Amino acid sequence: MDGVIVVDKPETWTSHDVVSKVRRIANTKKVGHLGTLDPIATGVLPLVIGRATRLAQFYVHSDKIYEGIVRFGWATDTYDRDGAAAGEKTEVRLDPAELERVLDRFRGEFLQTPPPVSAKKIDGRRAYELARSGVAVEIEPVKVHVYELTVLAIDGADVRLRAHCSGGTYLRSIAHELGQAMSCGAHLHQLRRTASGEFEIGFARTLAQLESLAAEQRLTDALVPAADLLPGIPSVYVDELTTAQIRHGRNFAASPFRSMAAAQHVKAITAQGELVAIGTAVLPNLYHPTVVL
């Protein structure tokens, strides 16, 4: 079991809850996630299993696609519906043209301040731990990129949006700042992640489905094998001797006849189709195994 299982995370569960559940289902402690989802959020939560946990570093900045509902009329201290109301609630009549003008501020590349209740670390502690302890939290803004921010529907004070953004972008912050810009307050009421990197909602399994597969000893049906991960990285096929050398940390060559001279990384794949390592270029057509499975 080395690869990724894409879970359709249920609402109210933390990402850690899902990891713990899948550890029991898969009967292994080697399970990690490729980016958390807030408890109110549902959708794509890719979990790395077995030796594939060593590949998590390559997914840190993966793009995400979300669909969510922003509710206008009041802000909350967590920027979502789980938080306490911050300020008076107001009646809202949204002007689609004005909304579109304001949304344009959140398209493209810009600096975004994460929510005070978030997993960002401040002096080694999570921001949400400090915030819940009553400690004033000041988080440095980070550069994010929103490639798409589209209004799907407007229903009274609720706006359904689709967002395609860089890793580390907070839809909660966008919702909060939209409310400030519209002078009426707003918070994220609902969120569903439909894609994370190469993993899409169509490949996701519910926890109940995973339990059923495990009971039938077919859990591998839900597994994306390690060799199929990171499709943007070209593959180099290696023989048994080269595989043994890679496992001892030795550099390995790629064919100079392949059109991948500029590739920073390659995947070393055995004749049996198993991923051995991710190699990093040290010379043209020569790679050092930086991550070995």
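**Note on the predicted model**

1. In strand β11, residue D158 is the bridge partner of D155. The two strands concerned, β10 and β11, run antiparallel and are joined by 8 bridges. They form a hairpin with 2 residues between them. One residue of that turn, G156, has a positive phi of about 65 degrees. The reader should bear in mind that this is a predicted model.

2. Strand β11 also pairs with β4, again in the antiparallel sense and over 8 bridges. Two positions of this pairing can be named: G68 has L161 of β11 as its bridge partner, and I65 has H164 of β11. Strand β11 is thus a partner of β10 and of β4.

3. Strand β4 has a further antiparallel partner in β12, which spans residues 186–196; the pairing extends over 9 bridges. Within it, I69 is matched with Q190 of β12 as its bridge partner.

4. Helix α2 covers residues 96–103, and its buried residues are L99, V102 and L103. Viewed down the axis of α2, these buried residues fall within an arc of 100 degrees, and therefore they line one face of the helix. The elements that cover them include the strands β4 (64–72), β10 (142–155) and β11 (158–165), together with helix α4 (171–181). Strands from points 1 and 2 thus reappear here as part of the cover over α2.

5. A separate point concerns an open sheet of 5 strands, with the order β15-β17-β18-β19-β16 and mixed pairing. Its edge strands are β15 (235–238) and β16 (252–253), each of which pairs on one side only. Inside this order, β18 (residues 275–283) and β19 (residues 286–292) pair in the antiparallel sense over 6 bridges. A277 stands opposite V292 of β19.

6. Which residues does V238 contact, leaving aside its neighbours within four places in sequence? They are T243, I246, A268, I269, T270, A271 and V276. V238 is found in the edge strand β15. Its relative accessibility is 8%, and because buried means under 20%, V238 counts as buried. The C-alpha atom of V238 is separated by 9.9 Å from that of G273, a residue 35 places away along the chain.

7. T270, one of the contacts of V238, lies in strand β17, residues 265–270. T270 is buried as well, with a relative accessible area of 8%. Not counting residues up to four places away in sequence, T270 touches Y237, V238, T243 and V276. T243 and V276 are therefore listed both for V238 and for T270, on the definition of contact as heavy atoms within 4.5 Å.

8. Two residues other than glycine merit inspection of their backbone, T12 and L230. The phi of T12 is positive, near 80 degrees. T12 is found in the loop between β1 (3–9) and α1 (15–26), and T12 is exposed, with a relative accessible area of 60%. The phi of L230 is also positive, near 50 degrees. L230 lies in the loop between β14 (223–225) and β15. Is L230 buried or exposed? L230 is buried, with a relative accessible area of 9%.

9. For the chain as a whole, the model contains 6 helices and 19 strands. The C-alpha atoms fill a box of roughly 70 × 45 × 40 Å along the principal axes. Of the 293 residues, 45% are buried. Among contacts between residues at least 6 apart in sequence, 68% join residues at least 24 apart.

10. The surface and charge figures complete the note. The chain exposes about 15000 Å², of which carbon and sulfur atoms supply 49%. There are 33 positive and 34 negative side chains, and the centres of the two sets lie 6 Å apart.

Notes. Residues are numbered from 1 along each chain as its sequence is written. Side-chain values use heavy atoms; hydrogens and water are left out. Helices (H or I, at least four residues) and strands (E, at least two) are DSSP runs, numbered from the N terminus. Buried means under 20% relative accessible area, exposed over 50%, partly exposed in between (1.4 Å probe, protein chains only). Accessible areas come from the Shrake-Rupley method with a 1.4 Å probe; for residues, only the protein chains shown count as cover. Lys and Arg count as positive and Asp and Glu as negative; His and the chain ends are not counted. The place of a charge is taken as NZ of Lys, CZ of Arg, CG of Asp or CD of Glu. Two strands pair if DSSP finds at least two bridges between them. The arc is that of the directions from the helix axis to the C-beta atoms.
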